Amino acid sequence: MIRIGIDVGGTNTDAVLMDGPRVVAGVKAPTSGDVMTGVIEALKKVLSEAGMSASQADVMMIGTTHFTNAVVQRRRLAQTACVRLCLPATASLPPMVDWPADLREVIGGHWWLAHGGNEFDGRKISPLDPEELRRIAGEIREKGIGSVAISSVFSPVSSEMEQEAGEIFARELPDAHITLSSDIGRIGLLERENAAIMNACLRDLSREVVEAFRHALAGVGFAGRFFLTQNDGTLMDAAFAERFPVLTFASGPTNSMRGAAFLSGVEDAIVVDIGGTTADVGSLQKGFPRQATVAVEVGGVRTNFRMPDVFSIGLGGGSHVIDGEGGAKVGPTSVGYDIVTQALVFGGDVLTATDVVVADGGLSLGDPARVADLDKGLVRRARDRIAEMLEDAVERARISPDPLPVIVVGGGSVIVEKPIAGLELIKPDHFPVANAVGAAIAQVSGEVDRVYSLSEMSRDEALADAKTQATDAAVSAGARRESVEIVDVEDVPLAYLPGNATRVRVKAVGELNV
Amino acid sequence: MSDRDGFLLREEDLLPLSLGAAVLGTGGGGNPYIGMLRVRELMRKGATVRVLPLDALPDDALVSEVGGIGAPLVGIEKFEQGEECLRAMRALEDLTGNRFSAMISAEIGGANSMEPIITAAQAGLPVLDGDGMGRAFPEVQMTTFFIYGAAPSPAAISDEKKNVIIFRDVQDMYWLERFARDAAVAMGGAAGLAIAPMRADFVRRVAVPDTVTQALNIGRTILDARHRRQNVVDRVIAATGATLFFTGKLTDVRRELKGGFVRGEARIEGLGDWAGSEARIAIQNENLVLWVDGKPVIMVPDLIMNLELETGEPITTEVLRYGQRVAVIGMPAHDLMKTPEAMAVVGPECFGYPELTFTPLAHGPVTA
């Protein structure tokens, strides 16, 4: 099977072409303002390097920043209605209450509270009122709003009310896009609702972007299936991506960590992805990035997405090096993309992290003669500082006392050539394009996050039920059932409540059924 | 204006107040985020809240203590209709025929720092600068109010559906805890509780004083330190008189459910000055006891707080996880929390550590 993986980063759009598990070609192209031009550029480049035509590729996986950019830049977002099934609960805080005002204004700030919702144990807060929902649908129609987000209290425990309400709105507003919060997020009403609203306001754009990808890929002669990567390192097909654009947020760090795992063959490790300006550091467990447990903001909006627990430090191949009292300072400012013209070894006049590594003989790059006369003390101090920054970051990312290896990837990782924190260092082949490899090898997942009342079933039964649900979700997302495995199980008892309820999160992943 | 006029709470105070309240939550108490947004909404609609010192009211004025009771997880999913505590408070006014003059918090630590401020904003009452714990504790009876003889009834509990239950005659504070918690579960896992009216002279004598101001100061210190890119943990210690007891990295977290409460233990491997040492923290929603190299060094009711080493963000016991780098700081509980009467309600024995004899932390920073 021939796969093409493309990952859009802030500076570069990377692409790889893989034949089965083998990387045939990997390239970088500048990311374009419209994203699409850069993607097509990278695609053409990787095909030409591999000496293949687009028609020979079977599948294409793309990690894109189209939708994150739209939210961050407040552009191309549709007028959106949020309907929350909750009354009388949660009336103290309306939808979008914690959004930046400008973003709320762009999408109109339209919301309604309606009867419905569930208790933690599945009881109804109040029955759904179809008449009330039809009246709200009428108001939405009158305002000419074409996107609807529906949230319901404890919908991760029971999604029936959101589904029923969704059907009512679909009948009343046949042309509207409808997003259900239970399809997107986990427990935490405001955060889940926020994600659903962002998804809804991206639906016009997602239809357009998916169509543009179809068109552009057909234009270069690609006839296979294409997928977008999600923030948990798994895939969604074009139709699903059109419905859930919000799930593409932050897929970049995940792709590079997954690529690092694949290229090195190591499933449990610390990954350091070094670019021109920053290094992203995170940890891999069973080949997947560890997920963040706290709320993550996107464009100023709190969400509880399945985001990788990755942090950035201001160290990259282009980081400025400045000598000073008490040691050298490396970063956080950087020449970034201009390293190819501004770094000393490339004929420029700016001292960068890459220059000191070359000067120290750790790396052969550009014209080493241009750094031969650098002060040895400064070189030593800068190298020490780089080592210290990397060591701190790796220590912070370690999630077990086991001596896990450190995998370094990304274009800037040329500055690392010695073990960090005494741990085994792995710099796999094709390290500069690990993110595109991560996109190319992405799998399909299913997840469940709900509260079980343990008065009716044992904890083991609850876990088994959650695992079945997660597996089914992965299969319905396109995984081959035989290949599905459970990669993450977490159960946290509900505090301050007798009656033994527990919150269970399970994630299953499998190979794409092509 | 005299000191007795207190100060008006402003919208920009809410973020630091919630941050400071989370620190004083000693790992529990629930996240004040939702409550902070609720106060903000009320303020944006024109409500004002004045914070008064404990001595501002005449002796016979009546003070109402309200708070949320239930599971923090329910609180982030089915958050409040908004007037749960107000209804409970009003029910007591209707029952007794007396009006309240001010609100006070049961616990400044965590989500319940905000609840009386919300009720105060709705009722047009001031809120007193103090609370019943100076921190967070898991149960209703664990306040200085009950420890020093506040009446366990009449109390009232209300939910978002406008159900109101009055506990007319309750034999003691432990019965109130039991009935109120069972009612909260029936009400969907979260409810607003108002306890019996307290006279202002009683509150003045037994409340932990100035804790709203204290939470505000802690929050402002953290935000200011972050803004100036200073070491947040050091600044918090300098501003509060807390003591740094350990820095390290979490190597193990265990949790289990016992009687509706999460009990567990976290292990921390020392870093920096503590390299080679190991600390252990017992948790029951809140941090209860800190051992360093097998020796108990801080225990309830003194305050044990985990701050994220780099950001100073308070870490609740629910999100403790392997690999986090933490600074463990300790603060002495208020003297009112350390008397023999208090020990009987909030001492180590009450949390299942009969083998520990409470050894109080010294007041203030240790100086040469």
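This passage looks at how chain B and chain A meet in a predicted model, then turns to one residue inside chain B, B:Thr211.

Start with the meeting of the two chains. On the chain B side, 43 residues are in contact with 45 residues of chain A. Together the chains bury about 3,900 Å², and 62% of that sits on carbon and sulfur atoms. Within chain B, the residues that lose the most area to chain A are B:Leu73, B:Glu77 and B:Phe79, which together make up 18% of what that side buries.

Charged and polar pairs show up here too. Four salt bridges are found across the interface of chain B and chain A. B:Glu77 forms a salt bridge with A:Arg192, with 2.6 Å between the closest N and O atoms. Counting residue pairs in polar contact between the two chains gives 16, with both partners at pLDDT 80 or more. As for where the chain B side comes from, several elements each supply at least two residues, among them α3 (72-77), α7 (173-186) and the strand β11 (243-258). The largest share, six residues, comes from α2(B). Sorted by type, the chain B residues that touch chain A are 17 nonpolar, 10 polar and 16 charged.

Now for B:Thr211, which lies in helix α9 (residues 211-227) of chain B. With a relative accessible area of just 1%, B:Thr211 counts as buried, because the cut-off is under 20%. Its side chain makes a polar contact with the side chain of B:Asp131, at 2.8 Å. Setting aside neighbours within four places in sequence, B:Thr211 is also in contact with residues including B:Leu24, B:Ile108, B:Asp129 and B:Gly134.

Key:
Residues are numbered from 1 along each chain as its sequence is written. Chains are lettered from A and ligands numbered from 1 in the order in which they are written. This is a predicted model: local features need pLDDT of at least 70, side-chain atom pairs count only at pLDDT 80 or more; totals for chains, interfaces and linings use all residues. Side-chain values use heavy atoms; hydrogens and water are left out. Contact means heavy atoms within 4.5 Å. Buried area is the accessible area (1.4 Å probe) that two parts lose on being put together, summed over both. A salt bridge is a side-chain nitrogen of Lys or Arg within 4 Å of a carboxyl oxygen of Asp or Glu. A polar contact is a pair of N or O atoms within 3.5 Å; within protein, one must be able to donate a hydrogen and the other to accept it, and residues adjacent in sequence count only if both atoms are side-chain atoms. Helices (H or I, at least four residues) and strands (E, at least two) are DSSP runs, numbered from the N terminus. Ala, Val, Leu, Ile, Met, Phe, Trp, Tyr, Cys and Pro count as nonpolar, Asp, Glu, Lys and Arg as charged, and the others, Gly among them, as polar. Buried means under 20% relative accessible area, exposed over 50%, partly exposed in between (1.4 Å probe, protein chains only).
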